Amino acid sequence: MDLTKRQHQIIDIVKENGPITGESIADRLSLTRATLRPDLAILTMAGFLDARPRVGYFYTGKTGSELLTEKLKQFTVHDFQSIPVVVNEDVSVYDAICTMFLEDIGTLFVVNNDANLSGVLSRKDLLRASIGKQDLREIPVHIIMTRMPNVTMCYKDDLLLEAAQSLIERQIDALPVVKEVESGFEVIGRLTKTNVTKALVELGRDQRL
Ligand code: ADP
């Protein structure tokens, strides 16, 4: 976040004199309390300053990058996940390829007849199966998918940062967001590298940081 010259002056005053009232800060800058109000609001919201009723403003000691990290650590998978696209494990590789194109998606999640997660299909899995002379309409996806228990999953309340770490460590593009049910795992979302990129853009756009 780029602070204005006046906002830097306010921080310096509060650093040296805090806790200090808004009135006193205004006096020191020869400004009115009303003129100062938006700046104090910005600095408080961004976490540089904190305000206590009847005490005044004090400096939190947090730097811009500490505040950025704090915000990042508040993001959960739920805040950025997308809608999942699932196929049954008995559909053919041909149909899965069509679904991937129609849904404009890079990873399909595969479910069994109880609607529980049984595997994952990536673009490369489908390409690999397409090399050769097999009839793609005859091969069910469960033959070629990455199957449970080897599927890396995440939960909606997981930290986005942890899910992103899994994507990098496992060198994969997407994680199914699951909910544990009696018979297995129900797929309730999809977390992709694009979702993580969106979080990064949101952080960069946050005017308060
Ligand atoms: P692509 O193969 O299109 O580059 P990925 O890098 O996501 O896409 O997939 C690489 C391999 O990892 C594929 O064989 C795929 O089945 C598998 N895979 C993808 N996502 C997961 C996941 N969440 N858990 C386990 N394996 C996965």
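Here is a chat between a colleague and a modeller about the structure above.

Colleague: Before we start, what kind of model is this, and from what number are residues counted along each chain?

Modeller: This is a predicted model: local features need pLDDT of at least 70, side-chain atom pairs count only at pLDDT 80 or more, and totals for chains, interfaces and linings use all residues. Side-chain values use heavy atoms, with hydrogens and water left out, and residues are numbered along each chain as its sequence is written, from 1.

Colleague: Which domains does the chain have, and how far apart are their C-alpha centres?

Modeller: The bounds come from an automatic or database domain assignment. That assignment gives domain 1 (5-61) and domain 2 (77-199). Between the C-alpha centres of domain 1 and domain 2 the distance is 50 Å.

Colleague: Which residues touch the most other members of the largest nonpolar core?

Modeller: A nonpolar core here is a set of buried Ala, Val, Leu, Ile, Met, Phe, Trp, Tyr and Cys residues joined through side-chain atoms within 4.5 Å. Buried means under 20% relative accessible area, exposed means over 50%, and partly exposed is in between (1.4 Å probe, protein chains only). The largest core has 17 residues, and the members touching the most others are Ile-10 and Ile-25.

Colleague: Which helix gives the largest share of this core?

Modeller: Helices are DSSP runs (H or I, at least four residues), strands likewise (E, at least two), and both are numbered from the N terminus. At least two core residues come from each of α1 (5-17), α2 (22-28) and α3 (33-45). The largest share is four residues, and it comes from α1.

Colleague: What does Ile-10 touch, leaving aside neighbours within four places in sequence?

Modeller: Contact means heavy atoms within 4.5 Å. With those neighbours left aside, the partners of Ile-10 are Ile-25, Leu-29, Leu-36, Asp-39, Leu-40, Leu-43 and Leu-49.

Colleague: How many disulfides are there?

Modeller: A disulfide is counted when a pair of cysteine sulfur atoms lies within 2.5 Å. As for individual cysteines, Cys-98 is partly exposed at 29% relative accessible area, while Cys-154 is buried at 2%. By the sulfur rule, the number of disulfides is zero.

Colleague: Which polar side-chain contact does Asp-125 make with the ligand, and at what distance?

Modeller: A residue is near the ligand if one of its heavy atoms lies within 4 Å of it. There are 14 residues around the ligand, and Ser-122, Asp-125, Thr-146, Thr-152 and Asp-173 come nearest. A polar contact is a pair of N or O atoms within 3.5 Å; within protein, one must be able to donate a hydrogen and the other to accept it, and residues adjacent in sequence count only if both atoms are side-chain atoms. For Asp-125, a polar side-chain atom sits from a ligand oxygen atom at 2.4 Å.

Colleague: And which residue has a polar backbone atom 2.8 Å from a nitrogen atom of the ligand?

Modeller: Backbone atoms take part too: a polar one of Gln-171 is 3.4 Å from an oxygen atom of the ligand. The one 2.8 Å from a ligand nitrogen atom belongs to Thr-152.

Colleague: Is Asn-116 buried or exposed?

Modeller: Asn-116 sits in the loop between β4 (107-111) and β5 (117-122). Not counting neighbours within four places in sequence, Asn-116 has contacts including Val-110, Val-181 and Phe-185. Its relative accessibility is 4%, so Asn-116 counts as buried.

Colleague: Where are the cis peptide bonds at Pro-19 and Pro-149, and what is omega for the Met-148 one?

Modeller: Most residues other than glycine have a negative phi, and most peptide bonds are trans. Gly-18 and Pro-19 are joined by a cis bond with omega about 0°, and Pro-19 lies in the loop between α1 and α2. Pro-149 is in the loop between β6 (146-147) and α8 (160-170). The cis bond from Met-148 to Pro-149 has an omega of about 5°.

Colleague: What is phi for Asp-104?

Modeller: Asp-104 is found in the loop between α6 (93-103) and β4. With a relative accessible area of 69%, Asp-104 is exposed. Its phi is positive in a residue other than glycine, near 55°.
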